[in-house]
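This report walks through a single protein model, going from its overall build to a handful of individual residues.

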Amino acid sequence: MIKNLVFDFGGVIVDINRDNAVRHFESLGLTNAEELLDKYHQRDIFLEVEDGRIDETEFCRKLGEYCHRDISFKEAKAAWLAFFVGDPQYRLDYLEELHKKYNIYILSNTNPFVMSWARSPEFTAARKPLDYYVDKVFTSYQVKCVKPHREIFEYMINDTQLDPAESLFIDDGAANVEIGKELGFHVLQPVNGEDWREKLNRIL
C-alpha cells in the first residue's frame, strides 16, 4: 500500500525547456552554455551550485568571470528560470487533492535561484509557494548531494522515516528512477511535458 509520494520538480511538477535556458545564459555572455547546461546533470559551476559546493553569490562571481562582466543575482535567477515553461497549477491542484491521503515530498536537483522563486508566492498565480502543497522539500544544494547518488535518497529516507516499499517515486530522469528502484521504491517515469495524472491514478 502506497503511503508516500516523492516527486521530482523540474520535468515533473513544472515543464522544462533546456534550450530556453541555454539561450538566456548565452545572452549574458556565456559562450559555452550549451556544454555546461544539461536537463539532468549540470557541469562545472552549474553542478557546483546544485550540489552545494558554492552558494549563489559565488555562482554569480564565477559566472561573471566566464561572461567577462558583473552578473547580478537577478540576472542569474532570470536565466535559471528560463528553464521553466508553462503553468503547473493543474498539477499543483492535483497534489493538493493527493495530499489529503498521502504524504508528499519533493526531491530535486536544484539551486537557490530556482527555489527563491518556487518557494515564494511568485511561484504561480494562486500565490501559494511549493511548500504549501507538500510535507517537505528536499533540495540537492541543501543536502549537498545530487541525484542519482544514493546519498540524497538515503538522506530523505532517514529524515522522513519513510519506507520505500510504501512509497512511489516520480521522476523524468532514467538514472534517478533506476536508483529509486534499487532502493525499493515503486517508480513512475513520466516524460517532460506530459499530463501524468492518469498514470499515477492507475498506480494508486
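What follows describes the overall fold, one helix, several residues and some backbone features.

## Overall build

The model is a predicted one, and the protein in it contains 11 helices and 7 strands. Its radius of gyration is 17 Å, which agrees with the value near 17 Å that a compact globule of 204 residues would have. The C-alpha trace nevertheless spans about 55 × 35 × 25 Å along its principal axes. Of the 204 residues, 52% count as buried, and among contacts with a separation of 6 or more, 67% are made by residues 24 or more positions apart.

The surface that the protein exposes amounts to about 9,400 Å², of which carbon and sulfur atoms supply 48%. The side chains include 25 positive and 36 negative ones, and the centres of these two sets lie 3 Å apart.

## Helix α6 and its partners

Helix α6, which covers residues 89-98, has Gln 89, Arg 91, Leu 92, Tyr 94, Leu 95 and Leu 98 as buried residues. An α-helix has 3.6 residues a turn, so residues three or four places apart point the same way. Which elements do the buried residues of α6 pack against? They pack against the strands β1 (4-7), β2 (15-16) and β4 (103-108), and also against helix α11 (197-203).

## Four buried residues

The table sets out where four residues lie and how accessible each of them is.

| Residue | Location | Relative accessibility |
|---|---|---|
| Phe 9 | loop between β1 and β2 | 1% |
| Thr 139 | strand β5 (residues 136-139) | 0% |
| Ile 157 | helix α9 (residues 150-160) | 16% |
| Ser 167 | strand β6 (residues 167-170) | 0% |

Phe 9 belongs to a loop, the one between β1 and β2, and yet with a relative accessible area of 1% it is buried. Leaving out residues up to four places away in sequence, Phe 9 touches Val 14, Phe 84, Ile 106, Ser 108, Val 114, Met 115, Trp 117, Ala 118, Phe 123 and Leu 130. One of these partners, Ser 108, is 99 residues from Phe 9 along the chain, while the C-alpha atoms of the two are separated by 5.6 Å.

Ser 108 also appears among the residues touched by Thr 139, together with Thr 110, Met 115 and Arg 119, again without counting residues up to four places away in sequence. Thr 139 itself is buried, at 0% relative accessibility, and its side chain makes a polar contact of 2.7 Å with the side chain of Gln 142.

Ser 167, in strand β6, likewise has a relative accessible area of 0% and is therefore buried. Its side chain reaches the backbone oxygen of Asp 163 at 2.7 Å. Beyond its neighbours within four places in sequence, Ser 167 is in contact with Ile 2, Asn 4, Leu 162, Phe 185 and His 186.

Two of those names recur around Ile 157, which touches Leu 162, Pro 164 and Phe 185 when residues up to four places away in sequence are not counted. Why does Ile 157 count as buried? Its relative accessibility is 16%, and buried means under 20%. Ile 157 and Glu 56, which are 101 residues apart in sequence, have their C-alpha atoms 27 Å apart in space.

## Backbone features in the loops

Most residues other than glycine have a negative phi, and most peptide bonds are trans. Against that background, Lys 147 and Pro 148 are joined by a cis peptide bond with omega of about 10 degrees, and Pro 148 is found in the loop between α8 (140-143) and α9.

The loop between α8 and α9 also holds Lys 144, a residue other than glycine whose phi is positive, near 65 degrees. With a relative accessible area of 55%, Lys 144 is exposed. A further positive phi, of about 55 degrees, occurs at Asp 44, which is not a glycine either. Asp 44 lies in the loop between α2 (33-36) and α3 (45-50), and at 34% relative accessibility it counts as partly exposed.

Methods
Residues numbered from 1 in each chain as written. Predicted model: local features only at pLDDT ≥ 70, side-chain atom pairs only at ≥ 80, totals over all residues. Heavy atoms only, no water. Helix = DSSP H or I, 4+ residues; strand = E, 2+ residues; numbered from the N terminus. Rg over C-alpha atoms; globule rule 2.2 N^0.38 Å. Buried < 20%, exposed > 50% of the residue type's maximum accessible area, 1.4 Å probe, protein only. Contact = heavy atoms within 4.5 Å. Areas by Shrake-Rupley, 256 points an atom, 1.4 Å probe, with all protein chains shown as cover. Lys, Arg positive; Asp, Glu negative; His and termini not counted. Charge placed at Lys NZ, Arg CZ, Asp CG, Glu CD. Polar contact = N/O pair within 3.5 Å; in protein donor to acceptor, adjacent residues only side chain to side chain.
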